[in-house]
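Q: Could you take me through the inside of this predicted model, and in particular through its aromatic residues and what surrounds them? I would enjoy one connected account.

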Amino acid sequence: MRPAGPLSADAPPAGMRPTETLPPEAPEHFQAKAELCQFLATVLRLPGDLLVEGICSGAFENELRDIADQLGLALPQPEAERCFRELAGEGGPCRVTLAEIRHAHTSLFTHPEKPLVAPYESLFRYWEKHPGGSYGEAPRMFVSPVAMDAERAYREAGLSRSPEVNEPADHISVELEFLSRLYSEKACLLLEGRLDDAAGVDKALAGFLERHIGKWGAGFFERVATSGVHPFYRLVGLVGTALVAAL
């Protein structure tokens, strides 16, 4: 799915200004939701140098706090503040490295034996229901009914996944990018006064939330938040949990 915002493959999104909480029906509110969905979609992919630079410079924290403030998201305290402090170096220089972030990403999502958290909706829901199940019985990647239904939703919205993203349609980052596109589209339609068209986007959003993110988003992010693997991903889990609750 083509990105909704001006993100590179591994950079956090540009924040919106001002940072006060936005009225829930304002176009800017839905654009802030779009930015946060895109932010999470980006950081849940394989991390790169730009992400580490953003963490060490403080840009990651500033942008994340800005968007959370705009949406009025209450990040749990003191867990979130502890993660911010650990990432900032607990009063010293930030020592986060690309190697440790990638190691944490692998442990969480792409471990060859069994990742701590499956990033695919079909697999996540399968393991939640069958914790002792085998990989041989798990849904097949790309062609599971869940992935195919997500692909259908993208086509109906007139969207196609980017050829650079070789992931099944039910990968968490792909689903979040889809939400980002819908929220961004709604913001634009509201700004143009096209309320009937915006209502059509609402229908697409409600359907996708009910059939996909609503079935596993909260559980996914809660598992990431409690993984203990790295403060960066614990924080991503806390933010994602708060966002899903507000969708």
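**A close look at the aromatic interior**

A: Happily. In this predicted model, residues 24 or more positions apart account for 71% of the contacts with a separation of 6 or more. The secondary structure comes to ten helices and zero strands, so the order of elements from the N terminus is simply α-α-α-α-α-α-α-α-α-α. Of the 247 residues, 49% count as buried. The accessible surface comes to about 11,600 Å², and carbon and sulfur atoms hold 53% of that.

Now to the inside. The largest nonpolar core has 72 residues, and Leu36, Phe220 and Phe232 are those with the most contacts inside it. Helix α9 (residues 195–225) gives the most to this core, with eleven residues. As general background, nonpolar side chains in soluble globular proteins tend to be buried together.

Phe220 is a good place to stand and look around. Leaving aside its neighbours within four places in sequence, Phe220 is in contact with Leu44, Phe109, Val117, Ala118, Pro119, Phe124 and Ile172. Two of those names, Phe109 and Phe124, return in the ring cluster, where ring pairs link Phe39, Phe60, Phe109, Phe124, Trp216, Phe220, Phe221, Phe232 and Tyr233.

The structure holds 14 aromatic pairs. One of them joins Phe109 and Tyr233, which are edge-to-face, with 5.9 Å centre to centre and 80° between the planes. Phe109 lies in helix α5 and Tyr233 in helix α10, so this pair ties together parts that are 124 residues apart in sequence. Both partners are buried: Phe109 has 5% relative accessibility, and Tyr233 has a relative accessible area of 0%. Another pair is made by Tyr126 and Trp127, whose ring centres are 5.1 Å apart with the planes at 70°, so this pair is edge-to-face as well. Tyr126 is buried at a relative accessible area of 10%, and Trp127 is buried at 12%.

That second pair leads us to helix α6 (residues 121–129), where Glu121, Ser122, Leu123, Phe124, Tyr126 and Trp127 are buried. What covers the buried residues of α6 includes α7, α8 (172–191) and α9. Helix α7 (residues 145–156) in turn holds Arg152, which counts as partly exposed at 27% relative accessibility. The C-alpha atoms of Arg152 and Ala169 are separated by 9.3 Å, with their positions 17 residues apart along the chain.

Helix α2 (residues 49–57) also deserves a visit, with Leu51, Val52, Gly54 and Ile55 as its buried residues. Seen down the axis of α2, these residues fall within an arc of 160°, so they line one face of the helix. They pack against α1 (27–43), α3 (59–71), α4 (79–88), α5 (98–110) and α10 (231–246). Helices α5 and α10 are thus met again here, after supplying Phe109 and Tyr233 to the ring pair. After α2 comes Gly58, whose phi is positive, near 90°.

Finally, a word on the cysteines. The count of disulfides comes to zero. Cys83 is buried, with a relative accessible area of 3%, whereas Cys188 counts as partly exposed at 39% relative accessibility.

Terms used. Residues are numbered from 1 along each chain as its sequence is written. Side-chain values use heavy atoms; hydrogens and water are left out. A nonpolar core is a set of buried Ala, Val, Leu, Ile, Met, Phe, Trp, Tyr and Cys residues joined through side-chain atoms within 4.5 Å. Buried means under 20% relative accessible area, exposed over 50%, partly exposed in between (1.4 Å probe, protein chains only). Helices (H or I, at least four residues) and strands (E, at least two) are DSSP runs, numbered from the N terminus. Contact means heavy atoms within 4.5 Å. The arc is that of the directions from the helix axis to the C-beta atoms. A disulfide is a pair of cysteine sulfur atoms within 2.5 Å. Accessible areas come from the Shrake-Rupley method with a 1.4 Å probe; for residues, only the protein chains shown count as cover. Rings of Phe, Tyr and Trp (its six-membered ring) pair if their centres lie within 6.5 Å; planes under 30 degrees apart count as stacked, over 60 as edge-to-face and the rest as tilted.
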